[in-house]
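This report goes through one protein model and the ligand placed with it. Please keep the sequence and the 3D view open while reading.

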Amino acid sequence: MPIRVLDPQVVSRIAAGEVVERPASVVKELVENSLDAGSRQISVEARGGGVNLIRVIDDGSGIPSGEVELAFNRYATSKIDSIGDLESISTLGFRGEALPSIAAVAEVDIVTCALGEEVGTYLSLADGITTKRQNQARPQGTTVTVRNLFRKIPARLKFLKSQATESSHIADIVSMYALAYPEVRFTLVMDGRVALRTAGSGRLIDSVVAVYGLELAQSLLEVGGGGWEGRAASSPGVTGMVSSPSVGRSSRGYLSFFINRRWVNSRLLARAVEEAYHGLLMEGKHPVAIINVSLPPGEVDVNIHPTKAEVKFRNEHVVFAAVQKAVRQALVELMPVPKIEEAATAYVLPSESRQASWTLARSDRLTTSPEARETPSMCLPALRVLGQLLSSYIVAEGPDGLYLIDQHAAHERILFEQICAQRSRQAVEIQGLLQPVTLEVDPKQGEILRAHYKNLGEFGFSIEPFGERTYLVRAVPLLLYSKDWVGMLKELLDSLTGADKTSWAESVAMSLACHGAVRAGQALTDAEMRELARKLEITALPHTCPHGRPITIRLSSGQLEREFGRS
Ligand code: ADP
Ligand code: MG
């Protein structure tokens with residue numbers, strides 16, 4: 001085929017593909033337009049996963065009658081004027097591509113009435129071309145209706161997922177903007193059902209309740225003051241809400257990020273949040289986070305992606321650090337661990353900087369610091385041990401109810417903090433062996449041990465090479481003297497062969513704690529249980545074991561009364 005310039009209709013359809021990937025993209029563009037128009041009320045309706053119908057109704061500024069056709073021209077926008085404006089975009093849209101792109105792949109009609117106009121305008125378009133125009137009464141605002149999306153592009157239609165999946169993407173995008181704009185009343189109706197309704201109260205927590213439900217909302221902690229207001233005290237300003245470490249989710253689907261209240265996908269910010277939770281969440285669990293970063297418009301480039309779903313920061317590490325710090329702060333305020341940040345970042349340093357990476361949590365000092373005792377929410381109260389259940393749980397009474405303590409997890413937590421503290425003071429208790437024990441390892445374990453046997457000295461192991469895959473062990477940590485430390489060492493070496501995020505030192509401390517701790521199924525004397533409870537009370541993080549699993553379950557007096565029908 002000879003080279004030819006493509007027909008404009010083909011060009012616009014190709015270009016539309018970049019903006020309109022699926023029905024949810026249409027919803028996103030229309031809702032963004034409504035928000036840019038200053039609407040206080042936005043209602044979204046979708047049918048058939050958005051393929052049959054999408055309708056967005058707002059009470060925003062409206063489009064002046066003389067400009068309605070223009071709005072459907074490519075690169076026609078009222079939001080920027082010159083190239084300089086690109087440096088300081090404060091609206092969600094600016095490319096002037098959405099309306100023409102949508103009109104290129106669907107049948108569109110619009111009814112709009114601008115401020116000060118007596119009558120509104122109705123315009124209908126097919127294949128991007130106006131087929132009908134007339135006056136139509138309407139209060140100020142705009143209604144855009146999109147029908148039969150991709151009908152003329154079977155290839156696109158084929159790539160769409162099931163109706164349920166497309167509907168869920170639509171619900172997701174409307175939820176994101178409902179969170180970002182609590183002052184706007186959102187309604188989402190899917191196939192005739194109300195799927196979401198927000199109050200428009202201006203309070204973030206109200207939107208969170210509407211989107212995620214009361215139970216989850218109640219478990220959230222405020223970051224930087226909580227709401228979107230009161231922002232920009234410092235730059236970048238980080239505000240929002242995050243879940244307490246006890247409420248892990250099994251996917252990253254609960255991480256929502258906004259830059260100047262523009263919803264964005266950001267792996268950078270997801271990582272910043274996850275790092276703030278380092279060591280607090282159970283493995284495989286993810287936090288809930290609703291975070292807005294406010295930045296001067298010049299600090300962020302939103303023009304790197306046609307749908308603007310991804311952004312680029314001028315100063316990535318500053319934004320990363322600000323988010324991590326703000327979230328960590330919220331968690332620290334909940335938990336009495338003033339220096340946890342230091343401890344957590346020390347874990348993840350690469351092992352070349354040995355000095356730093358081998359400085360673990362100084363938790364003994366932390367627990368005795370006065371600030372620690374003052375923040376009560378995560379401290380354990382003094383407990384009175386009542387007995388043991390199933391040889392695995394300690395039953396205890398506190399001032400606020402009944403406690404069940406997982407004895408293994410509790411002991412693990414206690415030992416973990418002890419080991420870290422002793423190691424950082426270089427005061428690990430060691431037990432020499434009467435006879436050196438030979439340790440045979442497989443080739444994979446051998447590689448790991450060769451690199452690390454000396455470092456294990458810091459934890460109380462005295463190990464030296466003795467032939468190809470044989471080592472001599474002369475001393476072990478006192479904690480493990482009467483335990484299966486050979487098994488522990490081998491397990492440790494195995495766990496370190498895979499790519500593991502947690503640092504080596506942390507893994508060793510966790511493994512020692514796990515193997516040194518009392519097991520489930522082990523009967524304990526009253527004195528042993530009291531000792532365990534007392535030591536748990538003074539740990540820095542008494543609610544989760546080092547792997548992030550819960551240690552205690554509390555049944556409050558109120559719950560008991562309710563259960564017994566007394567209230
Ligand atoms: P952009 O949002 O990038 O400017 P669009 O194609 O989405 O481009 O919209 C083109 C123009 O149409 C906007 O700049 C705006 O002036 C007008 N417009 C679109 N939707 C609305 C709306 N809901 N209310 C008021 N004006 C609107
Ligand atoms: Mg737009």
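The text below covers the largest pocket, the ligand surroundings, the salt bridges and a few single residues of this predicted model.

**The largest pocket**

The largest pocket holds about 1,000 Å³ of space. Its lining is made up of 34 residues, and those nearest the centre of the pocket are Trp 263, Val 264, Asn 265, Ser 266 and Ala 309. By class, the lining has 14 nonpolar, 12 charged and eight polar residues.

Several secondary structure elements supply at least two lining residues each. The helices that do so are H1 (8-19), H2 (23-36), H6 (163-180) and H9 (267-276). The strands that do so are E11 (255-259), E12 (262-264) and E15 (312-313). Which element gives the most to the lining? That is H9, with five residues.

Two of these elements, E11 and E12, are joined by a loop that contains Arg 261. The phi angle of Arg 261 is near 65 degrees, which is a positive value in a residue other than glycine. Most residues other than glycine have a negative phi. Arg 261 counts as buried, at 12% relative accessibility.

**Around the ligand**

Ligand 1 is surrounded by 21 residues, of which Asn 33, Thr 77, Ser 78, Lys 79 and Gly 96 are the closest. Oxygen atoms of the ligand take part in contacts with both side chains and backbone, as the next sentences set out. In the side chain of Asn 33, an N or O atom is 2.8 Å from an oxygen atom of ligand 1. For Thr 77, a polar side-chain atom lies 2.5 Å from an oxygen atom of the ligand. Ala 98 takes part through its backbone, with an N or O atom 3.3 Å from an oxygen atom of ligand 1.

Ala 98 also belongs to helix H4, where it is one of the buried residues. How many residues of helix H4 (residues 98-105) are buried? Eight of the eight are, so the helix is largely enclosed by the rest of the structure. Besides Ala 98, the buried residues of H4 are Leu 99, Pro 100, Ser 101, Ile 102, Ala 103, Ala 104 and Val 105.

**Salt bridges**

The structure holds 19 salt bridges. Three of them are set out here, with the distance between N and O atoms.

| Pair | N to O distance |
|---|---|
| Arg 423 and Glu 458 | 3.0 Å |
| Glu 531 and Arg 534 | 3.9 Å |
| Glu 531 and Lys 535 | 3.1 Å |

Arg 423 and Glu 458 meet through their side chains in a salt bridge. Arg 423 lies in helix H15 (residues 407-424) and Glu 458 in the loop between helix H16 (443-452) and strand E20 (462-465), so the pair ties together parts that are 35 residues apart in sequence. The two partners differ in burial: Arg 423 is buried, with a relative accessible area of 4%, whereas Glu 458 is partly exposed, at 23%.

Glu 531 has a salt bridge to Arg 534 and another to Lys 535. Glu 531 and Arg 534 are three residues apart in helix H19 (residues 526-537), about one turn of the helix. Glu 531 and Lys 535, also both in H19, are four residues apart, again about one turn. Each residue of this group is partly exposed: the relative accessible area is 35% for Glu 531, 45% for Arg 534 and 27% for Lys 535.

Elsewhere, Glu 45, Arg 47 and Arg 55 are linked in a network of salt bridges.

**Two further residues**

Ser 391 is found in the loop between strand E16 (384-389) and strand E17 (393-398). Ser 391 is not a glycine, yet its phi is positive, at about 50 degrees. Is Ser 391 buried or partly exposed? At 27% relative accessibility, Ser 391 counts as partly exposed.

Tyr 471 has its place in strand E21 (residues 470-477). The relative accessibility of Tyr 471 is 2%, and the residue counts as buried. Along the chain, Tyr 471 and Glu 440 are 31 residues apart, while their C-alpha atoms are separated by 6.6 Å.

Technical notes:
Residues are numbered from 1 along each chain as its sequence is written. Chains are lettered from A and ligands numbered from 1 in the order in which they are written. This is a predicted model: local features need pLDDT of at least 70, side-chain atom pairs count only at pLDDT 80 or more; totals for chains, interfaces and linings use all residues. Side-chain values use heavy atoms; hydrogens and water are left out. On a 1 Å grid over the protein atoms alone, a cavity is a set of points where a 1.4 Å probe fits but cannot get out, and a pocket is an open set with protein on both sides within 12 Å along at least five of seven lines; lining residues have an atom within 4 Å of a point. Grid points are joined across faces, edges and corners, and a volume is the space filled by probe spheres set on the points. Ala, Val, Leu, Ile, Met, Phe, Trp, Tyr, Cys and Pro count as nonpolar, Asp, Glu, Lys and Arg as charged, and the others, Gly among them, as polar. A salt bridge is a side-chain nitrogen of Lys or Arg within 4 Å of a carboxyl oxygen of Asp or Glu. Buried means under 20% relative accessible area, exposed over 50%, partly exposed in between (1.4 Å probe, protein chains only). A residue is near a molecule or strand if one of its heavy atoms lies within 4 Å of it. A polar contact is a pair of N or O atoms within 3.5 Å; within protein, one must be able to donate a hydrogen and the other to accept it, and residues adjacent in sequence count only if both atoms are side-chain atoms.
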